[in-house]
Every structure is written in C-alpha cells, then in structure tokens.
Amino acid sequence: MPEIYNGLVGNIKNGTAAIGHMSGWNLELSRDIAEVVSFGSTSKEKIPGIKDWKADADGTADFSTGSGQNDLLTAYENGTKLTFGFYLDATKYFTGDAYIESLSISHDAEGVAEISISVSGTGGVVLTLPV
C-alpha cells in the first residue's frame with residue numbers, strides 16, 4: 001500500500017535538533033551528464049557524471065534561543081558545515097552535510113517575519129529507511 005507523507009509529520013533538523021518554526025523544505029538531487037561526440041557520429045552519446053545536491057527551506061523567523069535558527073545565521077556568518085536532516089516522517093529522512101549558501105529574512109506589515117535558507121551539499125545525501 002502506498003504511503004503518503006503530509007506536513008504534520010515533516011521536519012528539518014540541524015544534526016539531531018529540529019529547526020523551529022520551519023514550514024517547508026525542498027531537496028534537489030542532480031547529476032552532471034557528459035556528452036561524448038565523435039567524428040562521423042549522427043547522435044550524441046551521454047554518460048553520467050558527478051552527483052550534487054542542494055536544498056531550500058522556509059518558515060516563520062524565530063531567532064530566540066533554542067529555535068535553531070540562530071545557529072543557521074551563525075553557520076552562515078562563519079562558513080560552518082552543518083549536517084541537515086530532511087524528514088518525510090519520524091523514520092524516513094534524507095541527511096547530508098551542507099553549507100548555507102543564502103539566508104533571507106522578510107517582513108511586512110500584514111504578516112509575520114519569514115526566513116528562507118538555501119544550502120549547498122558537500123558530499124552525498126543519504127536516504128534512511130526503517131529496517
């Protein structure tokens with residue numbers, strides 16, 4: 001039977017600590033594809049190359065102690081590598097090391113302050129499933 005994941009069980013973590021007030025994440029896995037062309041060929045051949053990944057997350061800004069968002073800002077300022085966990089539910093998640101590429105905070109008179117981060121993976125990303 002298919003398993004559907006809803007927002008009630010999703011999460012994003014820095015190490016083992018949940019990052020507070022986050023409401024969405026997007027993980028993108030990619031791979032370079034090299035083209036091989038020879039004289040006389042009428043079609044290109046392609047071979048898989050190096051893998052890469054990046055992710056984005058957003059939510060309500062909260063820089064209070066313990067929210068985890070202050071740690072993101074500190075890691076951005078210092079260029080510190082973090083280990084992120086992108087959770088589909090409590091037992092199924094992707095993990096990988098990454099650097100914060102950008103961190104954006106927005107605020108307007110009709111809403112709440114929001115935070116958005118983009119991270120760039122270093123090394124691979126791993127999917128963990130229950131045994």
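## Exercises on salt bridges, strands and loops

K44 is exposed, its relative accessible area being 52%, and the model in which this value was computed is a predicted one.

**Exercise 1.** Determine which residue K44 meets in a salt bridge, and classify both partners by their accessibility.

*Solution.* Start from the side chain of K44, which meets the side chain of E35 in a salt bridge with an N to O distance of 3.1 Å. Next, apply the cut-offs, under which a residue is exposed over 50% relative accessible area and buried under 20%, with partly exposed in between. K44, at 52%, is therefore exposed, whereas E35, at 45% relative accessibility, counts as partly exposed.

**Exercise 2.** Find how many salt bridges the structure holds, and work out which residues are linked in a network.

*Solution.* The structure holds 3 salt bridges, and one of them, between K44 and E35, was treated above. Turning to K92, its side chain meets that of E3 at 3.1 Å, N to O. K92 lies in the loop between β5 (82-87) and β6 (93-106), while E3 belongs to the segment before β1 (11-14), so this pair ties together parts that are 89 residues apart in sequence. The side chain of K92 also meets that of D89 in a salt bridge, at 3.0 Å, N to O. Taken together, E3, D89 and K92 are linked in a network of salt bridges. As for the general principle, side chains of opposite charge can pair when their charged atoms come close.

The last step concerns accessibility. K92 is buried, with a relative accessible area of 11%, and D89 is buried as well, but E3, at 43% relative accessibility, counts as partly exposed.

**Exercise 3.** Trace the strand pairing of β4 (45-60) through G59, naming the residue of β3 (22-36) that stands opposite and the bridge partner in β7.

*Solution.* Consider β3 and β4, which run antiparallel and are joined by 13 bridges; here M22 stands opposite G59 in β4. Then consider β4 and β7 (residues 114-121), which pair in the antiparallel sense over 7 bridges, and in β7 the bridge partner of G59 is I115. G59 thus appears in both steps, opposite M22 and as the partner of I115.

**Exercise 4.** Compare the loop residues S67 and T42: where is each placed, and is each buried or exposed?

*Solution.* Begin with S67, which sits in the loop between β4 and α1 (69-78) and is buried, with a relative accessible area of 6%. A polar atom of the S67 side chain lies 2.4 Å from the backbone oxygen of D62. If residues up to four places away in sequence are not counted, S67 touches A18, I19, G20 and D62.

Continue with T42, found in the loop between β3 and β4, where it is exposed with a relative accessible area of 80%. The C-alpha atoms of T42 and G111 are separated by 57 Å, the two residues being 69 residues apart along the chain.

**Exercise 5.** Identify the residues that form a nonpolar patch on the surface, and locate L8.

*Solution.* The patch is formed by Y5, L8 and V9, which together have about 320 Å² of accessible area. Of these residues, L8 lies in the segment before β1 and counts as exposed, at 79% relative accessibility.

**Exercise 6.** State what value phi of H21 is near, and place H21 in the chain.

*Solution.* Phi of H21 is near 65°, a positive value in a residue other than glycine, and H21 is placed in the loop between β2 (17-18) and β3.

How values were computed: Residues numbered from 1 in each chain as written. Predicted model: local features only at pLDDT ≥ 70, side-chain atom pairs only at ≥ 80, totals over all residues. Heavy atoms only, no water. Helix = DSSP H or I, 4+ residues; strand = E, 2+ residues; numbered from the N terminus. Buried < 20%, exposed > 50% of the residue type's maximum accessible area, 1.4 Å probe, protein only. Salt bridge = Lys/Arg side-chain N within 4 Å of Asp/Glu carboxyl O. Patch = residues over 30% accessible without salt bridge, like charges linked within 9 Å, V, L, I, M, F, W, Y side chains within 5 Å. Areas by Shrake-Rupley, 256 points an atom, 1.4 Å probe, with all protein chains shown as cover. Polar contact = N/O pair within 3.5 Å; in protein donor to acceptor, adjacent residues only side chain to side chain. Contact = heavy atoms within 4.5 Å. Pairing = 2+ DSSP bridges.
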